[in-house]
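Me: Please take a close look at one part of this structure and describe it together with its surroundings. I am new to it, so kindly explain each term where it first appears.

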Amino acid sequence: MSRILVTDLDGTLLGGTPDDRRRLRDALARHPEVTLVFATGRGLSSTREVLRDPLVPRPRWIIADVGATVIDGTDFTPVDPLQEHLRAGWPGADRVRAALRRFPSLTYQHGVVQDGRCSYHLAPGRLTDELIAAVEALGCTWVHSADRYFDVLPPTASKGNALRALAGKLGWQPKEILVAGDSLNDLSLFQLGAHAVIVAGAEPALLTALAADHRVHRPRQTGAAAIHATLRHLGWVSPALDRPARRHSLVVAYHRPPLHWNGESWQPPSSPNGILPTLTSAFSEGLPGIWVTALAGDDQQTTRPHQSGLPLSLVPLSTAEWSGYFHRACKETLWPVLMSEPGRSAFDSDAWADYRTVNARFAQHISAEAAPGATVWLHDYNLWLVPGLLRSTRPDLKTGLFHHTPFPPPQVFTTLPVAAELRTSLACLDWAGFHTDLFAEHFRRTLAGLPGMPHIAVHPLGIDRPAIEKPARLHTPQRRPATGRVVLSVERLDYAKAPVQKVDAIDHLLTHQPELRGRLTFRLVCPPPEPGITAYDTTRQHLEQRITDINTKWQNGSWQPVDYLPRNLSTTEVINEYLAADVLWVTSLQDGMNLTAKEFIAAQAALPHHHSDEPGVLVLSRHAGAAAELGDAALLTDPHSPDDLSTVLARALALTPAERRARMNKLSELLGHERPADWATRIIHAIRNSDATVRPPTGV
C-alpha cells in the first residue's frame, strides 16, 4: 500500500523546534516508502528557498500557490495537464488587480512571487459581501485565512482539488494519505476523507470547521512533532527507528547491494573483483562510515536478515520502481549513450520519473545518515541526480562521484533529452573520478560553460591479485589438445561487448585460414542480464542465431567452432577457464576498465614457468579503459573493424612461446599490486581534500 504525507509548510512542517524538525526529517529518510507532498500557500520560488534548509525533507511533489500550481519535486516542472486544468478560467493577475483596486481594505502582497493567483493582506472583519461578489464576478474563488491573508484563485483551484487531481493521476486512495495543516487555506485538504492531523496552535477557525470530524488527529504537539506523532500512531514510521541515530562522517552510495537473495540464501557477487567486492573489502577492513544501497524486488521479499556484517543502510524500492529506474531509465536511456551508441537510446518519461524518484530517495537517505560536513562517495551514472539534490539540501557535504563506466563525448551526451538536467546536477559535485584521461576530458568538456567545475581526477581501479593468484596456483593445469587452441571471452550479455562481431570474426578467420577447422574453439561465456532487462533481447537473439549458423557451417564431426555458455560461472570455474585459454579476447566497443582482462593476467602470471611455457595472450579492445594502462603489452584490436578483429586474433594465435612469455611478463608488471581497498581509501582522501574550481550556487 502507498503511504503519502501531504503537509502545509508554515506553521506545520516548518513548525516546532529544530530537534522536532530533525527527528521528522530523519524518520522520513528511514522510511522512503512514505511519499512527501508539500501543499503550501507559498509560490514556487519561495518553496525552493525553503529547501535550502537542511532540516527540510525533499518532497516528491509540490502543491503551491494555494493549489494553483502542481510541480514535480525532482525537477520543478509543472505537472500538466493537471496544472492546466486547475488554472482553467483564470482571468489573469492584471484583470483581477484592476477589478479589486476599488477595495482599499485590500493590500496586494508585492513582495510575494505569485503564479496563477493574486494574494492580498486583509484585516479581520473586512471581508464583505461586496468584495466576495466582486471576486465571483471575475469567475474566481477565494480563501481568507488567519484573519489576514486573502487569496484570489482560479475557479477550481484549491489545495484539496490539486491533491484530488494528483491522487487520481497517481492512483492514490484516501486511506493511503495523511494530510497535515494549521490554517483555513488547508481546509480543503481535510475534506477528501483521508487521514488528517491538525497541529497544536492551529487557526481557531480551522478547528471550528472540523470540530465534528472524528477522523482528524489533534495531538498536543506543534508543527513537525505533531506530524511525527501521527505517523507513529498510524504505524507509518517505526518508533524503534525514531531514536536519534548515529550520523556518519563518510557515506558511500551505490545502487546495487553487496548481497542478493537467490531464493534460498543471501549470495555475494561471483567475481572477487569490481565495485561491490572493493567496497565490501574496504568496509570489512575497518573503513569508517555507512553504505547506502537499494533493497528491491526479490531481495525485499525475504524476511531472513543478511549476515554480511557490513554497515548497510537500505533504501527500499518496489519491484515497479526498480524496473522503471534500472531496467528502463538506466539500461535503455542512459547506458546506450555511455557506450556512445545514442541511436539505441530510448527515452520514456515514466521511467525517467522513476529515475528521479529513486535518486531523490537516495539523496534523502544520504542526508539523514551524513554528519555535518561529511564526505559522500557516489558510484556511477545510476545516481547522477543525487549531487544536485544534496547541494540544495546539504551544502555542507563534500560530494564525490566515481564513474566506473565510460563517459561519452559531449556531442553524444547532449543527445539525451535530459542532458541539461544531468549537467546541472553533475556540476554540483566537488570531485569526479574516472579510469582514464579520455573519459575525464569528455566529462570536463561536457560541463564546460556551467558555473561550477568539480575537481577531476583519474584513478584506474585494479584487482585483488591474491584472490585470483591463490586459486590459480592450486589449479592443476589441464593438458591442452596437441593441435587445439582455445580463444576465451568472459562477459555479460551486452551489445557493448561486441559478442556478435566476435562470432562473425571467427567465421571470417576460418574462411581465410581453413586449416584452423577442427583446431580452434571460441569459448564464449556470456551469462544473460538479470530478469526484467529487455535492452539486450535483440542482441541475444542475433547472437544465438549467428552461433547456430556458423556452427552449422563449420562443424566437423563432434567439433564446432563456437562453444557458447549462456550462464554464470563460479570464481573457481572462471579461473580454470583463464588458465586453459590460449587467448583472452576482449572486444568492448566501449568499456570503463574491464577487470576481466586484469584477472586473466593475474591468473596466467601466477603459474610457475614450468607449468606454463606458453602462457595465454591478451587481445584487448583499444576502447577499453584497461588499454590505457596495459598498452602494447597486449595485442590491441578495434572491434569496430571486422578485418582488424580477425587479423589481430590470427596474430595472437601465431605468436611464438617466447613472444607470449615476454608479453605476459610485461602485462604482469603493468598490472601492479595495489589492493582495491587501498584504491578506495585513496579516493576518499581525494574527495575530502578536493575543491571545485568554481562553486555552483547552493540553490536548487
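Reply: Residues 694-700 have pLDDT under 50 throughout, and the model gives them 25 contacts beyond four places in sequence. Here pLDDT is the predictor's confidence in each residue, from 0 to 100, and contact means heavy atoms within 4.5 Å. For the chain, the mean pLDDT is 91, and 93% of the residues reach 70 or more. The model is predicted: local features need pLDDT of at least 70 and side-chain atom pairs count only at pLDDT 80 or more, while totals for chains, interfaces and linings use all residues. Residues are numbered from 1 along each chain as its sequence is written, and side-chain values use heavy atoms, with hydrogens and water left out.

The part chosen for the close look is strand β2, residues 34-39. Strands (E, at least two residues) and helices (H or I, at least four) are DSSP runs numbered from the N terminus. Of the 6 residues in β2, 6 are buried, where buried means under 20% relative accessible area, exposed over 50%, and partly exposed in between (1.4 Å probe, protein chains only). Val 34, Leu 36 and Phe 38 point one way from the strand, whereas Thr 35, Val 37 and Ala 39 point the other way.

β2 has a partner in β1 (residues 3-7), to which 5 bridges join it in parallel. Two strands count as paired if DSSP finds at least two bridges between them. Val 37 of β2 stands opposite Val 6. β2 also pairs with β3 (residues 61-64), again in the parallel sense, over 3 bridges; there the bridge partner of Val 37 is Trp 61. Between β2 and β3, helix α3 (residues 44-50) completes a right-handed β-α-β unit. Right-handed means that, with the strands pointing away from the viewer, the path from the first strand over the helix to the second runs clockwise.

These strands belong to an open sheet of 7 strands with mixed pairing, in the order β4-β3-β2-β1-β9-β10-β11. Because β4 (69-72) and β11 (216-217) stand at the edges with a single partner strand each, one side of each is left without a neighbour in the sheet. Further along, β1 pairs with β9 (residues 177-181) in the parallel sense over 4 bridges, and Ile 4 has Ile 177 of β9 as its bridge partner. Helix α9 (residues 223-234) packs on the sheet, where it touches β1, β9, β10 (195-198) and β11. The direction of α9 makes about 160° with that of β9; axes are lines fitted to C-alpha atoms, for helices over the stretch in contact, and angles run from 0 to 180 degrees between N-to-C directions.

A second sheet may be set beside this one. It is open, has 7 strands with parallel pairing, and follows the order β16-β15-β12-β17-β18-β19-β20. Its edge strands, β16 (312-317) and β20 (455-458), each pair on one side only. Within it, β12 (residues 248-253) and β17 (residues 370-379) run parallel, joined by 5 bridges, and Val 251 stands opposite Val 376. Helix α10 (residues 275-284) lies across β12, β15 (290-296) and β17, at about 135° to β15.
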